[in-house]
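Student: Could you take me through some of the charged pairs here, and tell me how each label is earned?

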Amino acid sequence: MRKLTFLIVLLLAFVASCKKQHEFYGHLFDQPAYNFELTDHNGKRVRPSDYTSQGKIVLIFFGYTHCPDVCPTALETMAKMMNYLRPEEAQKVQVLFISVDPERDTEEVLKGYVPYFNPTFIGLRGSEEEIRKVAKEYKAYYKKVEGQSAGGYLIDHTATIYLITPDNKIKLLYTPSKQDPQKMAEDIKFLLKD
């Protein structure tokens, strides 16, 4: 009987070790996330921890509403990603779009732009100093480029999507080549199971 019990335990341990681990699609980063405070498109001051404390995964993207290509593409990618999640999973994901163009991106402009991609998405803004500090903490680059568009200027900026887990860590980074909605959703599904 002892021998049979030992064999069963050994077999279970072997099966558990053979179980395929999830290979993250995004770049594994696993560093503490800076818990900034900015103003949302409804005029309310919010922090990422307002959402992570509810057990939500937070996705952060730095951009601006006058962006001709990168920003709408990233927001569309995240909107499609939400469609790959079951409704109960999607409720545990919060997308935060941080404007790097406080001069033009007023609350009203953000309110008309960001939720267009998904009604749950939130646009954030702050003073130039606040945005500069948050970008520095996230190692996000942005710089105004004068005279490049009808609006007077464009902004070169980092196009990375940051995934923050409920334990307030930047778990994954999705650079543009890694922004596949279905694969991002698979990462999120796995993280929500933990």
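Student: What makes the contact between the side chains of Glu89 and Arg86 a salt bridge?
Tutor: In this predicted model, the side chains of Glu89 and Arg86 meet with 3.2 Å from N to O. A salt bridge requires a side-chain nitrogen of Lys or Arg within 4 Å of a carboxyl oxygen of Asp or Glu, so the pair at 3.2 Å qualifies.

Student: Why is Glu89 called buried, and why is Arg86 called partly exposed?
Tutor: Glu89 has a relative accessible area of 8%, and buried means under 20%, so Glu89 is counted as buried. Arg86 has a value of 44%, which lies between the limits of 20% and 50%, and therefore Arg86 is partly exposed.

Student: Which other side chain meets Glu89 in a salt bridge?
Tutor: Lys189 does, at 2.9 Å from N to O. This pair links distant parts of the chain, with Lys189 in helix H7 and Glu89 in helix H4, 100 residues apart. Lys189 itself is partly exposed, at 23% relative accessibility.

Student: How do you know that Arg45 and Glu130 tie together separate parts?
Tutor: Their side chains meet in a salt bridge of 2.8 Å, N to O. Arg45 lies in strand S3 (residues 45-46) and Glu130 in helix H6 (residues 128-137), so the pair joins parts that are 85 residues apart in sequence. Arg45 is partly exposed at 34%, and Glu130 is also partly exposed, at 26%.

Student: Which residues are linked with Arg45 and Glu130 in a network of salt bridges?
Tutor: Glu37 and Arg47 belong to that network together with Arg45 and Glu130, and the structure as a whole holds ten salt bridges.

How values were computed
Residues are numbered from 1 along each chain as its sequence is written. This is a predicted model: local features need pLDDT of at least 70, side-chain atom pairs count only at pLDDT 80 or more; totals for chains, interfaces and linings use all residues. Side-chain values use heavy atoms; hydrogens and water are left out. Helices (H or I, at least four residues) and strands (E, at least two) are DSSP runs, numbered from the N terminus. Buried means under 20% relative accessible area, exposed over 50%, partly exposed in between (1.4 Å probe, protein chains only).
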